[in-house]
Structures are given as structure tokens and as C-alpha cells.
Amino acid sequence: QVQLVESGGGLVQPGGSLRLSCAASGRIFSLSHMGWYRQAPGKQRELVAIITSGGITNYLDSVKGRFTIPSDNAKNTVSLQMNSLKPEDTAVYYCKAIVRAAAGTRPSDYWGPGTQVTVSS
């Protein structure tokens, strides 16, 4: 089994910054993708940012230029640097990892419990 532990959420004023972190532990043979999704009240969960094991990143259009996954993450960790935050960024942010538990097995999705980010004055 794989566990994801998130940290770094909270309350911030518009224009402020937050940094989220996520660490994966447990039975990990390989980890192909790791990233962040968010879900606001009454809305579907959406991809915010993701990075592959090869360092390729993909971002939600509305966060491009404001959010960044640093390239110097430690093994099996991912951070999300969020700058110039807007009220519409308010949501529960979830860490996701795609993991193979052993050689020859199919990859599985694992999710963290979520961390609340609130952008409000």
C-alpha cells in the first residue's frame, strides 16, 4: 500500500503565496507521475499541475505563470509553489501519485486526504 501525506494548505490573502508539499511512502517500485488536483465546492475535481518521472510538467491553463512544481523535488515527493493566488483558487487540493508496487504490475492511482487552500481578504 502507498500513503500520501500533504502539508502546506491554509488561509492567504489575494496576491499571496503558499507552498504545498506531498510525500509518498510505502510499497513503491516506481512512480511515474505525481501532482496536484483541486476540488472547489460544487465543482468537479480538476488537474492543477503534474510532473512525470522524466521531469515533464503540465499545468491547468488558469494557473500557468502563477503555480510551479519545482524541478528539485526529493525522491517520491512533490511540491506546488502557488504565487499570485486568487479567490478562485480556493479549493481542497489533493496530491496524486501513479505507482507500480512491483515489477510487472499495473500502475495504480493513490490520493492524499486533501488540504484546504482558502484565498480571501
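Is Y37 buried or exposed? With a relative accessibility of 15%, Y37 counts as buried, because the cut-off for that word is under 20%. Keep in mind throughout that this is a predicted model.

I start with Y37 because of its ring. The structure holds one aromatic pair. Its members are Y37 and W111, arranged edge-to-face, with 5.0 Å from centre to centre and 65° between the planes. Y37 belongs to strand β4 and W111 to strand β10, and 74 residues separate them, so to speak of this pair is to speak of distant parts of the chain. W111 counts as partly exposed, because its relative accessibility is 36%.

There is also a charge at W111. The charged end of R45 sits over the ring of W111, 4.7 Å from its centre. R45 also lies over the face of Y94, and there the distance to the ring centre is 3.7 Å. R45 is thus placed over two rings, that of W111 and that of Y94.

Now to the strands, beginning with β9. Strand β9 covers residues 91-100, and eight of its 10 residues are buried, so the rest of the structure largely encloses this strand. Which strands pair with β9? Strand β4, residues 30-39, is joined to β9 by nine bridges, and the two run antiparallel. Within that pairing, Q39 has V92 of β9 as its bridge partner. Strand β10, residues 108-111, is joined to β9 by four bridges, again antiparallel. There, I98 has D109 of β10 as its bridge partner. Strand β11, residues 115-119, pairs with β9 in the antiparallel sense over three bridges. In that case the bridge partner of A91 is V117 in β11. As background, strands of a sheet pair through backbone hydrogen bonds, and the pairing is either parallel or antiparallel.

Next, the open sheet. It has four strands in the order β1-β3-β8-β7, with antiparallel pairing. The edges are β1, residues 2-7, and β7, residues 67-68; each has a single partner strand, so one side of each is left without a neighbour in the sheet. Further in, strand β3, residues 18-26, and strand β8, residues 77-82, pair in the antiparallel sense over six bridges. On that pairing, S21 stands opposite S79 in β8.

What joins C22 to C95? A disulfide does, with an S to S distance of 2.1 Å. The count of disulfides comes to one. C22 lies in strand β3 and C95 in strand β9, so the bond ties together parts that are 73 residues apart in sequence. The torsion about the S-S bond is about -85°, so the disulfide is left-handed. Both cysteines, C22 and C95, are buried.

On to the nonpolar interior. The largest nonpolar core has 30 residues, and those with the most contacts inside it are L4, M34, W36, L80, M82 and Y93. Two or more residues each come from β1, β3, β4, β5 (46-52), β8, β9 and β11. Which element gives the largest share? That is β9, with five residues.

Take L80 from that list. Which residues is L80 in contact with, leaving aside its neighbours within four places in sequence? They are L18, R19, L20, W36, V48, A49, F67, T68, I69, P70 and Y93. Two of these names, W36 and Y93, have come up already among the residues with the most contacts inside the core.

Last, two backbone points in loops. Most residues other than glycine have a negative phi. N76, however, has a positive phi, near 60°. N76 sits in the loop between β7 and β8, and its relative accessibility of 21% makes it partly exposed. S84 also has a positive phi, near 50°. S84 sits in the loop between β8 and β9, and at 40% relative accessibility it counts as partly exposed.

To go back over the main items: β9 is largely enclosed by the rest of the structure and gives the largest share of the core. The disulfide ties C22 in β3 to C95 in β9. The aromatic pair links Y37 in β4 with W111 in β10.

How values were computed: Residues numbered from 1 in each chain as written. Predicted model: local features only at pLDDT ≥ 70, side-chain atom pairs only at ≥ 80, totals over all residues. Heavy atoms only, no water. Buried < 20%, exposed > 50% of the residue type's maximum accessible area, 1.4 Å probe, protein only. Pairing = 2+ DSSP bridges. Phe/Tyr/Trp six-rings, centres within 6.5 Å; stacked < 30°, edge-to-face > 60°. Lys NZ or Arg CZ within 6 Å of the ring centre and 35° of its normal. Disulfide = S-S within 2.5 Å. Core = buried A, V, L, I, M, F, W, Y, C linked by side-chain atoms within 4.5 Å. Contact = heavy atoms within 4.5 Å.
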